[in-house]
Structures are given as structure tokens and as C-alpha cells.
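Trainee: Could you take me through one part of this structure in close detail, and then set that part among its surroundings? I would like to see how you read the contacts, residue by residue.

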Amino acid sequence: MLAGNMSRWGLVPDVQLDRNSPVPLYFQVASRIQQLIEEGELPVGGRLENEVELADRLGVSRPTMRRAIGYLVDRGMLVRKRGVGTQIVQPKLRRPVELSSLYDDLVKSGQRPHTEITVLEIRPAPDAIAEALGIPFGTEITWMERLRYSDGEPLALMHNAVPVDVLRLTRADLAERGLYQLLRAAGHHPRMANQTVGAKAATAQEAKLLGERRGAPMLTMTRTAWDAEGRAVEYGSHLYRAGRYSFELTLTT
């Protein structure tokens, strides 16, 4: 239960943790605290409990609790003050940060995305994809292969898998909207992902689809995304034209 008057202290209610989930415990704790701050249940200006006491009460290790708090400090939602403790500084109306898709990125940059759907079918999940999604081998997924255009020019070849019980997809949906838009509309907001970026040379088929020469440099990206509840909602394996696309990272210490 939350305390009645929290003008000074913010008491975090018990957090339901899924210890079998691939989502790290620190991120589960941090996500719940972020949600409470954004919803105003933990007031701006209030202080969190001592990290040691909070870790013991929530049933996590002290390093896990420290990492969860550090995650929110890095995002400007909390601040550590000597002699004061950990204070909530982020306004409750803050828009939560979400993962973006290529479709989102193109729209935001003023370009015109267009999608050509080459494959859309329900099939048993291959072992590697089932393992990435944390679902039983053979679970039904919607498998899709799409060619994404930007201002009429091919930009990326995308392969995605979404568990059928997460979202049912149609060609009309995917032609008009991005996958992450559809996931968010269904209540599955991607909040965390494991992502690997690499490079390769285009095969003859890939080069033909993307309007490149065989052997042209390509960027690769594989991603597994989870929603705020810790459920895997998407696996993706994408190929981008290196001359038209780049990944930008901001690193902090």
C-alpha cells in the first residue's frame, strides 16, 4: 500500500517480479518505479526509501536495486543528493521513452515510407527464434518478410516474427502502418530490446531486391523486443543499404 501523505517520502509498493523472464530484474524494478512516477503515485519532490531497505522489501539483491536506481538516475527521473537521499525529480507528465521502428524513424524525418509485403504467414517458430522470444519450440508465430521503401527507393529488407497470441496481423495493417504502431495500438508497448548490429555483403537476391550490386556492403540488425510487462513481442532480422542508412548511438559512462 502507498503511504497516505507522501510529500516527503515515496513508498514503492511491492513489485511483481517474473524471475523466469529474460528481462533483467533491475529493469523490471526500474520500469515499475518509472510507471509510478509517470502516473503521479510517486510524487515529484519526494524521496525514495533507502536502497538497502527497498532491496530487502522487494526481495532483490542490493546490486540489483542499485542498478535499477542508477538506470532511472541516468534518465533524469531520480537524482542522488548527499545528505538527502534519492529524490524524484521527473515531472509526472513526461512522455515515456519507447523503442522506435524504421517506419517511425522515416515518418519523423519527413520521408515517405512504403511497404511491400512479400511473405505473411503463420508457422511454427524455428528453434532459434523460439529461444530468442522465450517461447516453447513450435509455438505459432506470424512470420513476415517486407521490403521497406523511403521516398520510392528501397531501403531495407525486414524479417520479423510476432507470437500469434500477442497480435494478429493482416497485409492491410502492415501496408498502412508500422509494426511497432500496431503493437502499441494492441497494448504492447515495446520498452526494452536486445539488439545486435553487424555488416555483410549482399547476396545476389538481396542486391536485386534492394537495387544494389551483388557483394555491396549491407548493415544487419537483429532484435528481440519486450513490452512493459516483460513479454517478448517481436523478433526482427533486418538488412539495410549501408550507403543509405546508419545507426546512431549515444554512449554515457
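Mentor: Happy to; what follows begins with the chain as a whole, settles on one pair of side chains, and then moves outwards from that pair.

Please keep in mind that this is a predicted model. The chain holds eight helices and 10 strands. Of its 253 residues, 43% count as buried. If you take the contacts with a separation of 6 or more, 59% of them are between residues 24 or more positions apart.

The part I would zoom in on is the pairing of Arg148 with Thr115, whose side chains make a polar contact of 2.8 Å. Arg148 belongs to strand E6, which covers residues 140-150, while Thr115 sits in strand E5, residues 113-124. Are these two residues buried or exposed? Arg148 counts as buried because its relative accessibility of 1% falls under the 20% cut-off. Thr115 has a relative accessibility of 6%, so Thr115 is buried too.

Now look at what surrounds each partner. Setting aside residues up to four places away in sequence, Arg148 touches Pro113, His114 and Thr115, and also Leu102, Tyr103 and Leu106. The list for Arg148 goes on with Glu153, Pro154, Leu155, Ala156 and Met158. With that sequence filter applied to Thr115, the residues touched are Arg146, Leu147, Arg148 and Leu174. For a distance to check on your screen, the C-alpha atoms of Thr115 and Leu157 are 10.0 Å apart, with their positions 42 residues apart along the chain.

Two loop residues are worth a visit while you have E6 in view. Asp151 lies in the loop between E6 and strand E7 (153-163). Its phi is near 50 degrees, a positive value in a residue that is not glycine. Asp151 is partly exposed, because a relative accessible area of 39% lies between the 20% and 50% cut-offs. Pro136 is in the loop that runs between helix H5 (127-133) and E6. With a relative accessibility of 57%, over the 50% cut-off, Pro136 counts as exposed. The C-alpha atoms of Pro136 and Pro124 are separated by 10.0 Å, and these residues are 12 apart along the chain.

A further buried side chain to inspect is that of Gln87, found in strand E4 (residues 85-88). Its relative accessible area is 15%, so Gln87 is buried. What lies 3.2 Å from a polar atom of the Gln87 side chain? That is the backbone oxygen of Gly45. Beyond neighbours within four places in sequence, Gln87 is in contact with Gly45, Gly46 and Arg47, together with Met77, Leu78, Val79 and Lys81.

Let us finish with the helices, where H3 (residues 62-74) makes a good reference. Helix H2 (residues 51-58) packs on H3 at an angle of about 115 degrees, and their axes are 9 Å apart. H2 is therefore roughly perpendicular to H3. The two cross in a right-handed sense. On the H2 side, the residues in contact are Glu51, Val52, Leu54, Ala55, Asp56 and Leu58, and they meet Arg62, Met65, Arg66 and Ile69 of H3. Sorted by class, this contact has six nonpolar residues, four charged ones and no polar ones.

Helix H1 (residues 25-38) also packs against H3, here at about 50 degrees with the axes 8 Å apart. That angle makes H1 oblique to H3. The crossing of H1 with H3 is right-handed. From H1, Leu25, Tyr26, Phe27, Val29, Ala30, Ile33 and Gln34 meet Thr64, Met65, Arg67, Ala68, Ile69, Tyr71 and Leu72 in H3. The residues of this contact divide into 11 nonpolar, two polar and one charged. Met65 and Ile69 of H3 appear both in the contact with H1 and in the contact with H2, so they are handy residues to select when you want to view the three helices together.

Conventions: Residues numbered from 1 in each chain as written. Predicted model: local features only at pLDDT ≥ 70, side-chain atom pairs only at ≥ 80, totals over all residues. Heavy atoms only, no water. Axes fitted to C-alpha atoms, helices over the stretch in contact; angles between N-to-C directions. Helix = DSSP H or I, 4+ residues; strand = E, 2+ residues; numbered from the N terminus. Parallel < 35°, antiparallel > 145°, perpendicular 65-115°, else oblique. Left-handed = near helix turned anticlockwise from the far one by under 90°. Contact = heavy atoms within 4.5 Å. Nonpolar A, V, L, I, M, F, W, Y, C, P; charged D, E, K, R; others polar. Buried < 20%, exposed > 50% of the residue type's maximum accessible area, 1.4 Å probe, protein only. Polar contact = N/O pair within 3.5 Å; in protein donor to acceptor, adjacent residues only side chain to side chain.
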